[in-house]
Amino acid sequence: MRCDWVRQNILFYVYGELEDDARYEVEQHLARCPECALELKATRKFQATLAEMPVAEPTPNLLAASRMRLQEALETARPGGFWQRLIVEPGVWLRQIRMAPALAAAIFIVGFGGGIGATYNFLANRPVAVSSEEHSDPSRPVESSAITGIRSVTQDPGSNQVNIKYDTVSTQEAQGSLNDRRIQQLLLFAAHNNYNSGVRMDSVDLLTQAPDDSRVREALMYALQNDTNAGVRLKALDGLSGFVRQDSRVKDEVLRALIGDANAGVRMQALRLVEPMKADSNVRSVLTRLAQSDENDSIRSQARAMLAQMPEMD
Amino acid sequence: MPADSYGIAIPVGEMYRPRRAEQEKGNRNPSVRGSLAAQSNRIDDTSLIREAQQGNRSAFEVLVRHYDQSVLRLALHLTGSESDAQDVYQEAFLKAYKNLGSFRFECSFYTWIYRIVTNLCLDHLRKRNVRKEDAPVAVDASGEEYSRLEQFADARSGANPERDLMRRELGRKIGTALSALTPRERMVFELKHYHGLKLRTVGEMLHTTEETAKNTLFRATQKLRAALAEMR
């Protein structure tokens, strides 16, 4: 039985295909069993016979001719790249979509928002859409799905009274203090959705006065990450400045802006915000990256200076 | 499976033939052999493949040069004909070029290209089995028939005609014995014995398990030994 097993495995032993323990067993057995040792000898002899006639290498001429022929054919052939992958393999295509839920969500939101905007424009141009003052109960929140846009946000100088003009089906106006739920809701809406960057700037500016509210903080982080206007992002950054230390999500957001924001002013401000936390390992790695590769000279040198001041960790 | 989960044990782009000394040592640690070269080639390949996938033809041509010599050698030995080998070479790399978009680094590029080549060669062997042609006679580019193994014997034997005759005879015997194998047995034996690949890799190339490749190699070797013993 044992000899059978060894004989079946001698070939793989010779080819180096046995696991260490099996190889050990075969070697031990071969040392004791002359019959199996004969089989090993026969296997090696067979291999030696084959080795008498090794495989001929292709001649350089054949190789060169093959390469040349292939090169000619490649000139007219179309490569299978990204697009072919999408067309040929819908599975891959679907996977791309599945892998990007954020992108898919963004497409839906943009489509939805665009639809609402178009409806608003259509209705706003109708003569019946007149501006009206609305002084209803300020504690009653506005149906947010009814708001189609914010026209303006103004604060009365020297008070915390805010005046917001917004559109539902027709233009409405709301007044109240910053603490009113309705006002806060409108400001949050304005910070997220408005097409007019001036309005977003005003809303974010007002929101920075009440960043303790987690929804407000959320809106500021959203503005910092997504707003197309650098001024709005800068304002949001200001509003978040007090929370970099206590809220790790705020810190992450600021670090993301530090690396990824296209505007050097925003990056510079973010750099100032993280300065007190330069011993944090995440902050340090971001600083190292900035010191090496930020396109702005002064950010690079400032990051380098901050790294140089850092206490030795080891 | 991640792209670099297998270390192909042979330095790609250069010929590897199992040396007797190495085999007699039991081939103890083949993974060390050329592993550095293979690793650096793999890194190179990854960026080359990505560039080629984006439509960079010269990146693809560099990739071809990493593998084409061993591809041609395999095709030449399996088909026994320069023009057939050239056809397999051409078809394999064109197919790779056209399907490069579907290569997703789930296996090494080496395994992937060899999969294409072995499939083409298997088709060729099957067709030839249907035609019942005998192996060792080859047809060169000009259409003239010659024996590949005999020709090789000529080159090695020098001025000893008796030895030359014996080598020719042995070459014919080996060629006949090899061509009597089934296409799959022939392929496994070729990849293991003449190309020194690990049976695990052979299994991957032929879309089968290592165990099946092992059994096939065992059967092929038994048949060859029997055939060569009969002829002696």
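**Exercise 1.** In chain A, find what share of the contacts between residues at least 6 apart in sequence join residues at least 24 apart.

*Solution.* Start with the contacts in chain A whose residues are at least 6 apart in sequence; 51% of them join residues at least 24 apart. Keep in mind that you're looking at a predicted model. Now try the other chain: in chain B, the share is 64%.

**Exercise 2.** Work out which helices and strands make up each chain, and how they're ordered in chain B.

*Solution.* Take chain A to begin with: it has 15 helices and three strands. Then go to chain B, where you'll find 10 helices and two strands. Walk along the sequence of chain B and the pattern reads α-α-α-α-α-β-β-α-α-α-α-α.

**Exercise 3.** Say how much of each chain is buried.

*Solution.* A residue counts as buried when 20 or more other C-beta atoms lie within 10 Å of its own. By that cut-off, 28% of the 314 residues in chain A are buried. For chain B, which has 232 residues, the figure is 41%.

**Exercise 4.** Describe how strand 1 and strand 2 of chain A fit together.

*Solution.* Locate the two strands: strand 1 covers residues 149-155 and strand 2 covers residues 161-167. Next, check their direction, which is antiparallel, with six bridges joining them. Pick one end to see the pairing: A:G149 stands opposite A:D167 in strand 2. Finally, look at the link: the two strands form a hairpin with five residues between them. In that turn sits A:G158, with a positive phi of about 75°.

Technical notes
Residues numbered from 1 in each chain as written. Chains lettered and ligands numbered in written order. Predicted model: local features only at pLDDT ≥ 70, side-chain atom pairs only at ≥ 80, totals over all residues. Helix = DSSP H or I, 4+ residues; strand = E, 2+ residues; numbered from the N terminus. Buried ≥ 20, exposed ≤ 12 C-beta atoms within 10 Å, placed from the backbone. Contact = placed C-beta atoms within 7 Å. Pairing = 2+ DSSP bridges.
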